[in-house]
Amino acid sequence: KLTTIKKKRRPFSQEDQKFWTKYYINKKILVMFDVEPISHYWVNQNRFSCNTITYAFKFGRRFKIYSPLEDKFKWSSNTKSTDIQGLKQLPNIGKQLFITSSLKDVMCLYAAGYSAIALQSEMQNPEEKLIQDLHDRFEEILIFYDNDYDNENNPGQTMARKICDKFNLSNICIPDKYKSKDPSDLVVNVGSPNILKHIINEQTRCN
């Protein structure tokens with residue numbers, strides 16, 4: 001049975017600004033990527049009130065609901081694997097394109113001056129047609145997945161290597177010393193996007 005999600009939009013607040021600004025993501029970027037603050041939402045006929053800041057990420061008629069301050073129920077979604085996050089916001093052509101882990105990372109990279117997309121799951125393999133279409137538009141495609149430095153199995157980098165080997169792509173990995181799993185974590189932890197740019201520049205020179 002198809003899951004339907006509806007939502008009730010609310011105005012942007014200072015709390016929204018406080019949350020997103022630490023990632024250097026402003027209201028203009030949120031609007032561009034179809035991210036709306038909401039007061040409540042429905043999954044099928046069940047109504048849920050948002051007790052903390054909550055957002056709807058829109059993909060056509062489908063939504064991903066994100067409650068970043070909740071401990072247990074951060075996500076609700078009726079998206080499909082074909083809903084590529086950030087795809088419709090890409091320029092027609094460009095030099096570099098990053099495939100990263102989440103829409104938050106896509107927006108964080110955009111704020112730093114880079115084009116990026118994210119699949120609906122980091123464990124999802126990109127379709128060959130998607131990679132070919134991106135190759136037609138961008139000079140270089142790079143994988144920028146989580147560095148799960150505190151996990152012995154490091155699933156983010158395991159999947160990154162798998163995709164890189166399959167499609168002959170290059171991998172960007174945040175060094176363990178920064179204790180940051182992804183681009184958005186790094187920007188918050190160091191308080192600037194400059195280290196993010198430094199890592200990208202350094203590792204793309206080596207590729």
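Gln-89 is buried, its relative accessible area being 16%, and in this predicted model the residue is placed in the loop between β6 (75–77) and β7. Not counting residues up to four places away in sequence, Gln-89 touches Met-32, Phe-33 and Asp-34. Asp-34, one of these partners, is found in the loop between α2 (27–32) and β2 (35–43), and Asp-34 has a positive phi of about 60° although it is not a glycine.

**The chain as a whole**

The secondary structure of the protein chain comes to 7 helices and 10 strands. The radius of gyration is 17 Å, close to the 17 Å that the globule rule gives for 207 residues, so the chain is as compact as a globular protein of that length. Taken along the principal axes, the box filled by the C-alpha atoms has dimensions of roughly 50 × 40 × 35 Å. Of the 207 residues in the protein chain, 47% are buried. Among contacts between residues at least 6 apart in sequence, 60% join residues at least 24 apart.

**The parallel sheet and the helices on it**

Four strands form an open sheet in the order β8-β7-β9-β10, and their pairing is parallel. The edges of this sheet are β8 (115–118) and β10 (170–171), each of which pairs on one side only. Between β7 (residues 94–100) and β8 the parallel pairing extends over 4 bridges, and Thr-100 stands opposite Ala-118 in β8.

Helix α4 (residues 128–137) packs on the sheet, where it touches β7, β8 and β9, and its direction makes about 130° with that of β9. Helix α3 (residues 103–111) lies across β7, β8 and β9 (138–144), and runs at about 180° to β8.

In a regular strand the side chains alternate between the two faces of the sheet. In β8, Ser-115 and Ile-117 point one way while Ala-116 and Ala-118 point the other way, and all are buried.

**Helix α3 and its neighbours**

How do the axes of α3 and α6 cross, and within what distance do they come? The axes of α3 and helix α6 (residues 183–190) come within 8 Å and cross at roughly 60°, and the two helices are therefore oblique to each other. On the α3 side the contact involves Lys-104, Asp-105, Cys-108 and Leu-109, which meet Pro-183, Ser-184 and Val-187 in α6. By character, the residues of the contact of α3 with α6 divide into 4 nonpolar, 1 polar and 2 charged.

Ala-111 also has its place in helix α3, and with a relative accessible area of 35% this residue is partly exposed. Leaving aside its neighbours within four places in sequence, Ala-111 is in contact with Tyr-24 and Ile-29. The C-alpha atoms of Ala-111 and Phe-33 are separated by 12 Å, the two residues being 78 apart along the chain.

**Helix α5 and the loop before it**

Asn-154 lies in the loop between β9 and α5, and its phi is near 40°, a positive value in a residue other than glycine. At 15% relative accessibility, Asn-154 counts as buried, because the cut-off for that class is under 20%.

Gln-157 has its place in helix α5 (residues 155–167), and at 3% relative accessibility it counts as buried. Which residues does Gln-157 contact, leaving aside its neighbours within four places in sequence? They are Tyr-145, Asp-146, Asn-147, Asn-171, Ile-172 and Cys-173. Of these contacts, Asn-171 falls in the edge strand β10 (170–171).

**Accessibility of individual residues**

The table brings together the relative accessible areas given above for single residues.

| Residue | Location | Relative accessible area | Class |
|---|---|---|---|
| Gln-89 | loop between β6 and β7 | 16% | buried |
| Ala-111 | helix α3 | 35% | partly exposed |
| Asn-154 | loop between β9 and α5 | 15% | buried |
| Gln-157 | helix α5 | 3% | buried |

Conventions. Residues are numbered from 1 along each chain as its sequence is written. This is a predicted model: local features need pLDDT of at least 70, side-chain atom pairs count only at pLDDT 80 or more; totals for chains, interfaces and linings use all residues. Side-chain values use heavy atoms; hydrogens and water are left out. Two strands pair if DSSP finds at least two bridges between them. Contact means heavy atoms within 4.5 Å. Axes are lines fitted to C-alpha atoms, for helices over the stretch in contact, and angles run from 0 to 180 degrees between N-to-C directions. Buried means under 20% relative accessible area, exposed over 50%, partly exposed in between (1.4 Å probe, protein chains only). Angles under 35 degrees count as roughly parallel, over 145 as roughly antiparallel, 65 to 115 as roughly perpendicular and the rest as oblique. Ala, Val, Leu, Ile, Met, Phe, Trp, Tyr, Cys and Pro count as nonpolar, Asp, Glu, Lys and Arg as charged, and the others, Gly among them, as polar. The radius of gyration is taken over C-alpha atoms; the globule rule is 2.2 Å times the number of residues to the power 0.38.
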